[in-house]
Amino acid sequence: MAKIILTGSVGRGGVNAERDVKAVQAKLNEIEAICREVTPVCDDEMVDSIMRFQRTFLVKPDGLINVQGMTITLLNNWSIKSVSAGVDLRGNLQKAWDLVNPLLPAGSYCSSGYRSAEDQRRILHKFFSNTYKAQIVAKYGAKEWQDAWDNKTTKEARILEMVRGVGQAIATPGKSMHQQGKAVDIGGPDDDQQVKIVKMVAKANPALLSGVVIKERNGCVHFEIR
């Protein structure tokens, strides 16, 4: 569906121009997967649909869509985003992703969910030996980098310290919220907007999302659930 450009507000107490009402109704029908007839009238049923949509990201939904407000932005964003191959969204991770997913900006995707301690260790080693090797060597020296890498089994704490030292947040293998089945990572091109949206969803859904949202140096947005 084409992007909705409103000429006036829609919903409870809105201007409710016929073209705007019909465009919003059609989008809400798509989101709710129903075949309700699209009409030019904003009635109680439509206001209820707006409220249901708003409850996913607003603590106090008002049933009104303003021309340049967050509701119309998220209606226009709404689409099902992909999950990378092999991502494990066990337990409430799937529920949390399903809540956040369609509101995220285009190009977003789920890059990680549950992972084992060994999965976490592989990520740590990739950061150390590849992704941030140049920065780590520049900061700590080639000799210290090589010594840590040659003794990675016994010097994991030092490897972790050096990766964190160049600005990449990462948990200790075995202690990550990912290993507890409590964290999701989002990839994509617009991490600032991703952070903003996830924080809104977390505030509106405190029983599920903890409110911890972190923009990581590697371009991912990490968020946690309860």
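What is the handedness of the crossing of α3 and α9? In this predicted model, the crossing of α3 and α9 is left-handed. Helix α3 spans residues 70–77 and helix α9 spans residues 191–204; the two pack at an angle of about 110 degrees, with their axes 13 Å apart. Because angles of 65 to 115 degrees count as roughly perpendicular, α3 is roughly perpendicular to α9. On the α3 side, the contact is made by Met70, Thr73, Leu74 and Asn77. The residues contributed by α9 are Gln193, Lys196, Ile197 and Met200.

A second helix pair is formed by α1 (residues 18–32) and α2 (residues 44–54). The angle between these helices is about 55 degrees, and their axes lie 10 Å apart; α1 and α2 are therefore oblique to each other. The crossing of α1 and α2 is likewise left-handed. Helix α1 contributes Val21, Val24, Gln25, Leu28, Ile31 and Glu32 to the contact, while Met46, Ser49, Ile50, Arg52 and Phe53 take part from α2.

Two residues outside these helices have positive phi values without being glycine. Asn16 lies in the loop between β1 and α1 and has a phi of about 55 degrees. At 23% relative accessibility, Asn16 counts as partly exposed. Ala33, in the loop between α1 and α2, has a positive phi near 55 degrees. With a relative accessibility of 66%, Ala33 counts as exposed.

Asn16 also appears among the contacts of Gly11, a residue of strand β1 (residues 10–11). Gly11 has a relative accessible area of 2% and is therefore classed as buried. When neighbours within four places in sequence are left aside, Gly11 is in contact with Asn16, Cys42, Val47, Ile50, Gly63 and Leu64. One of these, Ile50, also belongs to the α2 side of the contact between α1 and α2. The C-alpha atoms of Gly11 and Ile65 are separated by 6.0 Å, although the two residues are 54 residues apart along the chain.

A buried strand position is also found at Val213, in β6 (residues 209–215). Its relative accessible area is 15%, and since buried means under 20%, Val213 is counted as buried. Beyond its neighbours within four places in sequence, Val213 is in contact with Val195, Val198, Lys199, Val221, His222 and Phe223. Between the C-alpha atoms of Val213 and Ala202, which are 11 residues apart along the chain, the separation is 8.9 Å.

The aromatic residues were examined as ring pairs. With a limit of 6.5 Å between ring centres, the count comes to 5 aromatic pairs. One of them joins Phe127 and Tyr132, whose ring centres are 5.4 Å apart and whose planes form an angle of 55 degrees, a tilted arrangement. Both Phe127 and Tyr132 are buried. Phe128, Trp145 and Trp149 form one aromatic cluster. Two members of this cluster, Trp145 and Trp149, each have a lysine over the ring face. Lys133 lies over the face of Trp145, at 4.3 Å from the ring centre, and Lys152 lies over the face of Trp149, at 4.1 Å from the ring centre.

Terms used:
Residues are numbered from 1 along each chain as its sequence is written. This is a predicted model: local features need pLDDT of at least 70, side-chain atom pairs count only at pLDDT 80 or more; totals for chains, interfaces and linings use all residues. Side-chain values use heavy atoms; hydrogens and water are left out. Rings of Phe, Tyr and Trp (its six-membered ring) pair if their centres lie within 6.5 Å; planes under 30 degrees apart count as stacked, over 60 as edge-to-face and the rest as tilted. Buried means under 20% relative accessible area, exposed over 50%, partly exposed in between (1.4 Å probe, protein chains only). A charge sits over a ring if NZ of Lys or CZ of Arg is within 6 Å of the ring centre and within 35 degrees of the ring normal. Axes are lines fitted to C-alpha atoms, for helices over the stretch in contact, and angles run from 0 to 180 degrees between N-to-C directions. Helices (H or I, at least four residues) and strands (E, at least two) are DSSP runs, numbered from the N terminus. Angles under 35 degrees count as roughly parallel, over 145 as roughly antiparallel, 65 to 115 as roughly perpendicular and the rest as oblique. A crossing is left-handed if the near helix is turned anticlockwise from the far one by less than a right angle, and right-handed if clockwise. Contact means heavy atoms within 4.5 Å.
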